[in-house]
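Biologist: Let's go through this model step by step. Please give the reasoning before each answer.

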Amino acid sequence: MVGREVKPRKDLPLVQGLGTYVGDIKLPKMVYAFFVRSVYAHARIKSIDITKALSLPGVVYVLTGKEEARQLVSWMSLPGLRQPERLSLARDKVRYVGEPVAVVAATSLSIAEDAAELVEVEYELLDVVVDAEKALEAGAPLLYEDWKDNVIFHDALRSNGTEKAFEEADFVFRERLVSNRYSPTPMENRGVLAQYDRDAEFLTVWASTQFPHVMRTFLSQVLEFPENKIRVIAPNVGGGFGIKSAIFPDEVSVVILSMKLGRPVKWVEERHEHLLVAGHERQQVHYVECAVRIDGTLLGVKDRIIADFGASGMFWTEVQPAMLSAAAIPGPYRLRNYDFDLWCVSTNKAPCGPHRGFGRPVAAYVTERMMDIIARKLKLSPVEIRLKNMIDPSEMPWTTPVGVFYDSGNYRQVLERTLSLADYDGLRREQSAQKKRGRLIGLGLATYVEYTAPGSSRLQGPLGWAVGGWESCHLMVDPTGKVTGQLGTASQGQAHETVFAQVISDALGARFEDVYVGEGDTQSAPYGWGAWASRSTVASGGACIKASRKMKDKILHISAHLLNEAPEDLEMMDSVISSKKSGKTLTLQRVADVALRFSGQLPEGMEPGLDVVSYYEPETPTTCSYATHLAMIEVDPETGSLKLLKYFIVDDAGVLVNPLTVEGQVHGALAHGIGGALLEDLVYSDDGQLLSSTFVDYLLPTAEIMPEVVQDFVETPSLNLGGFKGMGEGAAIPTAAALTNAIDDALSDSNVKFLELPITPEKVYKLLKGHKIH
């Protein structure tokens, strides 16, 4: 089954509207929550008057931070990492527009919303800082007065040979590159339904989350409540994209409300709220320097990175998005000398949370833009400079200056396959022909390496994270011979129920149709870390294989006893056990019946049942996927508008379990990357007001702007069980770099240089203004 294109089992019910999301669940005596949020970016709370709100019929409760505000814990600890105040409801001070200051519970959502408007909050306004570089200056407004500055975290790396590399370089290229702040925007916003049973002293939480078990542990710690009396259920989740691997103050407040009231409380985020507070990432400034020989050999890189984290990082990733940007700068290149200074800065904006690609899109943008800028100055082709600097397969495994382990890969092969797939030389001829007709066509290359499924040693070591890299699989066979796998991860549309059934089917030898995969419920699934870092296929797939092998071993031993054969002479396929010598057969149903209902027929001393649990830690600290993208665009010099003509992608995601679902994820991630590169931008005014808080102002990619996508794959198996690699985020990583490189290529005669995202028509037009196009 591995390698087959199998339609995802859940797709049809979901497109028929038969899914069950948090917003669909209704419970007896349920009330609805609505938040009162700060309308100021920086202020002290002088008073909150809830009298009018409580007098509105249908209002059940109004909770403020003065009554109860819990500090959200952090699982990350590094020298110099500050732990900012992060309360479930602001108590004395607000630090960004949208910070929750009170929450209303009412018998209907409309009543709760009306009551929230009646809550009167008196503020004392404070000075605001919304620019991270200005926030570093002496005398800047302070978000946390006791810190004496606005630095959440400073990290630095110095390679031994960097200074010498710069001394010996023929050229040093310096640029200031800027990446924009934008949002994950899943189709389903965040949502929580909490039900506290006072009699049983038991808490059940339905949440749109990527990590149910993590959420359960987190709630136990924050609420100081026994974890074995908490159940977290992730029903259908309409997209995660990283932001649902964070837990926000408002979500905790909903749970607190339920525990106070002893009845169910539901809150589903509005789109305006999502854009206001959820998943702001990517806003960074890079002062990058590259030391280069005249032939294009990259000798060394220095980068000063200023990352705007808003009021703080989020549980559980904290400052890691920017740490990953710094770590990913080397890309697929033979870079041995690399220095960086990373400044994670607090400003009066919403907190920075995890977002698909997780810092790597910024790194790819910086590195791949510099490769093209250098190539143009040295009169080299974009292909030539990349091939010259790419790590060779004979040099694998490779460790970057930051300590990231590249387990396997053939970067040149993927680049060359992309050029072949696109007929690159033919596209260049077409570009020249169109230029004579007055059309400005550009081709942009970009590559990247993404380390996926990080192991416990990396998570708990360099990242200082109290998180494991392993995953789990609980495998059971019932008396009818049907197989159930319960996994510790959770799906947000990645077709886990299909993909892992394929893996188990092959590893166990059971009929694919007889394998059911469940996940997302802490009551029935073994502990696991959830879906993030493109890790599920690697870590959960390995756990499925490990559990299947353990299960198969017991099945074959029972079968050997029943058939009077040696276990090593037996094999299992399509739920039938057969002897390679005698040809005798048994069905899995028969073996399961013996293991469970007729256990007296088991070998002496063998325990009844077919029930195993396995935990799998990937063999390598990181498992690296990579790809090359080639974008073909047209620029209108009169308006600065862009048209995406074609887009070519060649990925190496190891062994593909289900190419159909892989292609779908690549298309989705590409759309995500295109949106961030061309359209999406969370724009703040100087006083900290978000100016793009609806889909009128915050634009998303539509089918109309998507190009023709041509994709292919190579398979270099990883060193882990199954040979799998992660790929759910990959296509979002190099997109901005490919598109900006294509713009510069289209405008190569005008001597312009694109350095700041997003790529809006206004910016392109301003670049062109005053430059003659030949």
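Biologist: How many of the seven residues of strand 9 are buried?

Modeller: This is a predicted model. Strand 9 covers residues 191–197 and is mostly covered. Buried means under 20% relative accessible area. The number of its residues that are buried is five.

Biologist: Which residue is the bridge partner of Ala194 in strand 12?

Modeller: Strand 12 spans residues 265–268 and runs antiparallel to strand 9. Four bridges join the two. Across from Ala194, the bridge partner is Val265.

Biologist: Which residue of strand 10 stands opposite Gln195?

Modeller: Strand 9 also pairs with strand 10, residues 202–207, in the antiparallel sense. Six bridges link them. Their hairpin has four residues between the strands, and Glu201 takes a positive phi near 50 degrees there. Opposite Gln195 stands Thr204.

Biologist: Is Ser159 buried or exposed?

Modeller: Ser159 sits in the loop between strand 7 (151–157) and helix 5 (162–168). Beyond its neighbours within four places in sequence, its contacts include Arg336, Tyr338 and Pro401. Its relative accessible area is 15%. That is under the 20% cut-off, so Ser159 is buried.

Biologist: Which helix gives the most to the largest nonpolar core?

Modeller: That core holds 170 residues, and Val205, Trp316 and Leu739 touch the most other members. With eight residues, the top contributor is helix 10 (residues 360–377).

Biologist: How many residues are in the other core that lies apart from it?

Modeller: Its members include Cys473, Val477, Leu487 and Val503. The number of residues in this core is 48.

Methods:
Residues are numbered from 1 along each chain as its sequence is written. This is a predicted model: local features need pLDDT of at least 70, side-chain atom pairs count only at pLDDT 80 or more; totals for chains, interfaces and linings use all residues. Side-chain values use heavy atoms; hydrogens and water are left out. Buried means under 20% relative accessible area, exposed over 50%, partly exposed in between (1.4 Å probe, protein chains only). Contact means heavy atoms within 4.5 Å. A nonpolar core is a set of buried Ala, Val, Leu, Ile, Met, Phe, Trp, Tyr and Cys residues joined through side-chain atoms within 4.5 Å. Two strands pair if DSSP finds at least two bridges between them.
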